[in-house]
Amino acid sequence: FNSSDQKEESRLPEYLQIDIAPSLAFLSGVDIPRSSYGLVIPEILSILSTQDRIQALLYNANQLAGLAPAGSRGNQLLQDVRHLLNTNAILEDVEEMLMSSLKEMQNSLVANVASFDLYILALAVIMILSSALITPSMLMNPLRLFLALNITMAAHCLICSAVSSSLCSMNAVNAMLLVLQAMVISCSTAVMLVKNELRHFFSHPNIPFILLHAVSLLSSSFIEEEHQTFYFFTVTILCINLFSNLKNRK
């Protein structure tokens with residue numbers, strides 16, 4: 001064997017994080033969670049007979065079929081598998097087709113989950129960072145708000161012509177978001193032009209957590225709970241500041 005063949009043989013199989021839940025459910029003898037997109041890891045089923053493996057995979061496939069689109073290729077393959085089970089088909093061929101059905105259904109489900117609206121994510125990050133600069137008195141300048149709204153609408157039209165986003169469909173909710181975005185950006189821009197205010201902004205102890213929280217919104221993992229850590233630390237610091245101020249007043 002050459003070195004490339006040896007590397008190919010020594011490479012360990014890779015599985016998704018979402019495959020852990022159904023695999024643990026199978027080992028524990030409990031039902032696979034209804035909303036799970038995972039597959040039972042095939043190596044776990046290797047100790048079973050071919051007939052038992054097909055039954056276990058068929059259970060996993062029926063669970064995924066309730067989540068996958070009705071006309072997907074995975075569902076069509078599953079229908080073919082059910083037809084073959086009523087014939088004298090070779091069990092190994094049925095198992096192979098069943099695995100293909102499972103992978104097709106998982107791919108279709110994961111593809112829908114992994115599609116992110118980058119425009120909304122970027123807008124959320126900008127608004128979180130900008131909101132830290134706002135004070136109520138800044139919202140009383142109608143000329144600044146009018147100019148910011150026009151600039152926001154112009155940028156919105158340019159972005160929607162380049163990317164697809166649910167924010168590009170005009171409705172009452174999206175219109176309110178655009179107005180809010182204009183208010184936040186106009187106020188934060190006014191503050192950033194004043195050096196003293198900007199220096200005070202970066203010296204605030206909560207700002208690092210606000211920045212980290214904004215970045216955590218761009219997370220692409222299946223868990224997507226990283227931002228909860230920053231919520232905890234930010235609220236903790238706010239509580240400490242509150243109790244310190246109350247103690248000093250006494």
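This is a short walk through a predicted model, from its overall make-up to its helices, cores, salt bridges and cysteines.

I'll start with the whole chain. The protein has eleven helices and zero strands. Read from the N terminus, the order of elements is therefore just α-α-α-α-α-α-α-α-α-α-α. Of its 250 residues, 32% count as buried. As for contacts between residues at least 6 apart in sequence, 67% of them join residues at least 24 apart.

Now helix 3. Helix 3 has 16 residues, and from first C-alpha to last it reaches 22 Å, close to the 22 Å expected at 1.5 Å a residue. Its buried residues include Ile54, Leu57, Leu58, Ala61 and Leu64, and among them are also Arg53, Asn60 and Gln63. Please keep Arg53 in mind, as I will return to that residue.

Next, helix 4, residues 73-85. Its 13 residues should span 18 Å at 1.5 Å a residue, and the end C-alpha atoms are 19 Å apart, which agrees. Which residues of helix 4 are buried? They are Gly74, Asn75, Leu77, Leu78 and Val81. Looking down the axis of helix 4, these buried residues fall within an arc of 160°, so they line one face. The general background is that an α-helix has 3.6 residues a turn, so residues three or four places apart point the same way. On the face of helix 4 turned away from the buried side sit the exposed residues Arg73 and His83.

That brings me to the cores. The largest nonpolar core has 21 residues, and those with the most contacts inside it are Leu57, Ala61, Leu64, Leu78, Leu98, Leu102 and Met105. Helix 3, helix 4 and helix 5, the last being residues 91-113, each supply at least two residues of this core. Which helix gives the most? Helix 3 does, with seven residues.

Leu98 is a good residue to click on here. Setting aside neighbours within four places in sequence, Leu98 is in contact with Ile54, Leu57, Leu58, Ala61, Leu78 and Val81. Of those partners, Leu78 and Val81 are among the buried residues of helix 4, while Ile54, Leu57, Leu58 and Ala61 are among the buried residues of helix 3. There is also a second, separate core of six residues, and it includes Tyr119, Met127, Leu178 and Val184.

On to charged side chains. In general, side chains of opposite charge can pair when their charged atoms come close. How many salt bridges are there in this model? The count comes to two.

In one of them, the side chains of Glu95 and Arg53 meet at 2.8 Å, N to O. This pair links distant parts of the chain, with Glu95 in helix 5 and Arg53 in helix 3, 42 residues apart. Are the two residues buried or exposed? Glu95 is buried, and so is Arg53.

In the other, the side chains of Arg73 and Glu104 meet at 3.9 Å, N to O. Again the pair links distant parts of the chain, here Arg73 in helix 4 and Glu104 in helix 5, 31 residues apart. With a relative accessible area of 51%, Arg73 is exposed. Glu104, at 31% relative accessibility, counts as partly exposed.

Then the cysteines. A disulfide is a covalent bond between the sulfur atoms of two cysteines. Searching the whole structure finds one disulfide, formed by Cys160 and Cys168 with their sulfur atoms 2.1 Å apart. The link is left-handed, with -95° about the S-S bond. Cys160 is partly exposed at a relative accessible area of 22%, and Cys168 is partly exposed at 23%. Why is Cys157 not bonded to Cys160? The closest cysteine sulfur to that of Cys157 is the one in Cys160, and at 7.0 Å it is too far for a bond.

One last position, in helix 8, residues 172-192: Val179 is found there. At 39% relative accessibility, Val179 counts as partly exposed. The C-alpha atoms of Val179 and Ala148 are separated by 9.0 Å, and these two residues are 31 apart along the chain.

To recap the helix pairings: a salt bridge joins helix 5 to helix 3 through Glu95 and Arg53, another joins helix 4 to helix 5 through Arg73 and Glu104, and helices 3, 4 and 5 each put at least two residues into the largest nonpolar core.

Note on methods:
Residues numbered from 1 in each chain as written. Predicted model: local features only at pLDDT ≥ 70, side-chain atom pairs only at ≥ 80, totals over all residues. Heavy atoms only, no water. Helix = DSSP H or I, 4+ residues; strand = E, 2+ residues; numbered from the N terminus. Expected span 1.5 Å × (residues − 1). Buried < 20%, exposed > 50% of the residue type's maximum accessible area, 1.4 Å probe, protein only. Arc of directions from axis to C-beta. Core = buried A, V, L, I, M, F, W, Y, C linked by side-chain atoms within 4.5 Å. Contact = heavy atoms within 4.5 Å. Disulfide = S-S within 2.5 Å. Salt bridge = Lys/Arg side-chain N within 4 Å of Asp/Glu carboxyl O.
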